[in-house]
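Trainee: I am new to this one. Could you walk me through it, one step at a time?

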Amino acid sequence: MISGADIMVKCLQAEGVDTVFGYPGATICPFYDSLYDSDIKHVLVRQEQNAAHAASGYARASMKPGVCIATSGPGATNLITGIATAYCDSIPMIAITGQVKSELLGRDVFQEADITGACEPFTKHSYLVSRTEDIPRIFKEAFHIASTGRPGPVLIDIPMDMQTNMIESFEYPETVKIRGYKPNTKGHTIQVKKAVEMIKKAKRPIIVSGGGVLSSGAKLKLQKFAEMTQIPVLSTMMGIGVMPSDHPLYLGMLGTHGRRCANKALHTTDLAIVCGARLGDRAIASPDQMSERTKIIHIDIDPAEIGKNVAVDIPIVGDMNNVLRGLIENIGDFKINDEWDERVKDLKAHYQNKISTFEGFVEPRTLIGKLSSMLKRKAILCADVGQNQIWCANNFRIREGRFFTTGGMGTMGYSIPAAIGAKLGLKKRDVVVVCGDGSFQMSLNELSTIVQNDLNIKIIVMRNYRLGMVRELQDNMYNKRHSATILNEAPDIVALAKAYGIDSVEVSSNEDAEKYIGKIVESDKPFVLVCKVHPDTPSIM
Amino acid sequence: MKYTLSVLVENQAGVLSKISGLFSRRGFNIDSLAVGVTSDPTVSRITIVANGDEYVVEQLEKQLNKLIPVIKVKRLIDGEFISRELCLIKVHSPAAKRFEIIKIAELMGAKVDDVGTNTITLEYCNTTDKIATLTDLVRPYGIREIVRTGTIAIDKGKTTVN
């Protein structure tokens, strides 16, 4: 005989899960008791939302679904923001929540919440387990759904009695059979050929690449296609890292907070090849104008994204790997014409940004620009949300590493827990967090998790005593009325970090900041570097 | 523009809430929604009548297809399907008016299900348009209550949605 809780652990092992993130509670206790005997590493976060963010960072680093666990009621509802963030950013994730005993469901008992109902809009799929016998099938399906097609979070809500019930034996299914779920990954051959013809006829083509290129692992294929054809590449926030930042064909991030040369190029193009991007409002502010101006080939694994925001000339539904392979095989020796090549080079040279500095403060954009060269080639930068995100997106010179941020949901407090997950997913990589003092204070409790798990994560806090992004919005749109955007001087972040057992200093010049970064990257201990930033430093150049 | 969708779904708890949630969340307007089990007891069929332009209906189909328990979505083509709706109408009917109302019911092919001292209840199974005609005809007498099932629809000829 075997309990439901033991089965849950065996299911995770069968899926090759080695690390999970969570926070226990009464209704998930049977599972935690079984987990205690297993070889799966459990990372105890300090608030459930961070378990989901850490699972997200882990998933992005390891390219496997991240697993987060919480108890029923408030534990489960605390997960929601993390699940919603993963949903928006298309991150494969399994969220496991305890639930009150099935016989008590619907009676509003202690710590009961309808979490499958509450998460409906933010999950790719969800299960409320009603028979212990179903657990293996449900786990098999959940991992399959989370990691195939367009990745996303799947929630498994398990009443306590389903965990304690004993059944005869455990057998993990080898295959899944879900009638309503068969993602099309192939990419229609005729559509690919049509796309090739359109590219060959284009005078000023451009590639817009999004997070889909990274999540499908098609980064190198995209680089190859761009290099073969010499078509310049822009990226969305989620697509940063698709090309090395200094690649001659790369123009940077597009959109409201993007680089001017990228936006200029997008305005000039006559054919946009959109790869794994949904073209949300931050990327394309006026989609109707874009459709009128230029032809669009849209490649995405999710058919519902094609035509949703921007009208499309050639839709291709499929995995980026397959479609890019098709494009590479069919494009022949096509190269863009010299005129367009020159124009792009001009744009890139012309829109070099001038950065104003403030005496006695760190200039964050310059610092982030230099950061990459002080780290290993494959370093992972986790940026939070706010001005710090834009500074990082536009200035971090990515080489072979990764850039983790929440481009879709824009959840403050993401960077520190995501870095915890990233570090555990790729232990040998340098992992650096850049956040603001607002976002730092949203998840500073996780410093404790970093220390407990002895994680070498360097945290750079851009401290301007402001909620800078909103303050900037107030400067530009609300007559400089700084309603609720001023933070006070407390806490002393250096003292706070030290209280957690993490060494920390505050610096007020780039020179000092660089000096410390040079020193701390050599150490295998975590560090909090507080950079004093002038409140008037803008997010865009 | 009105359109009719036939949606085959897994016959499980919670599927209907996933579908109705999708409508409110994405701002789709629906006129009616009817659910019933098919010849396969593990599959239910939902008929949705909704309003919107081509963009809306395309998005609606795609978003429905994204739901895991949705097995198939088919847009029925105007003029190529039969649709029916069942409705029960309770009409105010003093004895003096009773026969007028029964006459209207006869003309329209509705059935009289119940007669009370001051009411008469008609049962009518027809298209949405015909139901509108019948309700218009009995409205002057005073409609006390109407219950409708929502439209169900099936392709004409040998075409099926299986």
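Mentor: Happily! One term comes up again and again, so let us settle it: two residues are in contact if their C-beta atoms, placed from the backbone, lie within 7 Å. Keep in mind, too, that this is a predicted model.

Trainee: Let me use that on chain B. How many residues of domain 1 of chain B are in contact with domain 2 of chain B?

Mentor: Start with the bounds: chain B is divided into domain 1, residues 2-76, and domain 2, residues 82-152. Their C-alpha centres lie 29 Å apart. Domain 2 of chain B gives 5 residues to the contact, and domain 1 of chain B gives 6 residues.

Trainee: Which element gives the most to the side of domain 1 of chain B that touches domain 2 of chain B?

Mentor: The elements that give two or more residues to that side are β2 and β3 of chain B. By class, the side has 3 nonpolar, 3 polar and no charged residues. With 3 residues, the element that gives the most is β2(B).

Trainee: Those are strands, then. What is the order of the strands in the open sheet of chain B?

Mentor: Work inwards from the edges, β2 (29-37) and β4 (70-76) of chain B, each of which pairs on one side only. From one strand to the next, the twist averages 20°. The pairing is antiparallel, and the order of the 4 strands is β2-β3-β1-β4.

Trainee: Which residue in β4(B) is the bridge partner of L8(B)?

Mentor: Look at strand β1 of chain B, residues 2-10, which runs antiparallel to β4(B) and is joined to β4(B) by 6 bridges. In β4(B), the bridge partner of L8(B) is K72(B).

Trainee: At about what angle does helix α2 of chain B run to β4(B)?

Mentor: Find helix α2 at residues 54-66 of chain B; it lies across β1, β3 (43-51) and β4 of chain B. Compared with the direction of β4(B), the helix runs at about 160°.

Trainee: Where does chain A come in? Which element gives the largest share of the side of chain B that touches chain A?

Mentor: The contact takes 12 residues from chain A and 13 residues from chain B. On the chain B side, these divide into 4 nonpolar, 3 polar and 6 charged. The elements that give two or more residues there are α1 (15-25), α2 and β4 of chain B. The largest share, 5 residues, comes from α2(B).

Trainee: Now for chain A by itself. How many residues of domain 2 of chain A are in contact with domain 3 of chain A?

Mentor: Chain A is divided into domain 1 (2-167), domain 2 (189-350) and domain 3 (364-532). The C-alpha centres of domains 2 and 3 of chain A lie 30 Å apart. Domain 3 of chain A brings 12 residues to the contact, and domain 2 of chain A brings 13 residues.

Trainee: Are α8(A) and α13(A) parallel, perpendicular or oblique to each other?

Mentor: Helix α8 spans residues 189-201 of chain A and helix α13 spans residues 320-330 of chain A. Residues of α8(A) including V192(A) and V196(A) meet residues of α13(A), among them V323(A) and L327(A). The contact divides into 5 nonpolar, 3 polar and 1 charged. Since the axes come within 9 Å and cross at roughly 50°, the two helices are therefore oblique.

Notes. Residues numbered from 1 in each chain as written. Chains lettered and ligands numbered in written order. Predicted model: local features only at pLDDT ≥ 70, side-chain atom pairs only at ≥ 80, totals over all residues. Axes fitted to C-alpha atoms, helices over the stretch in contact; angles between N-to-C directions. Parallel < 35°, antiparallel > 145°, perpendicular 65-115°, else oblique. Nonpolar A, V, L, I, M, F, W, Y, C, P; charged D, E, K, R; others polar. Pairing = 2+ DSSP bridges. Domains from an automatic or database assignment.
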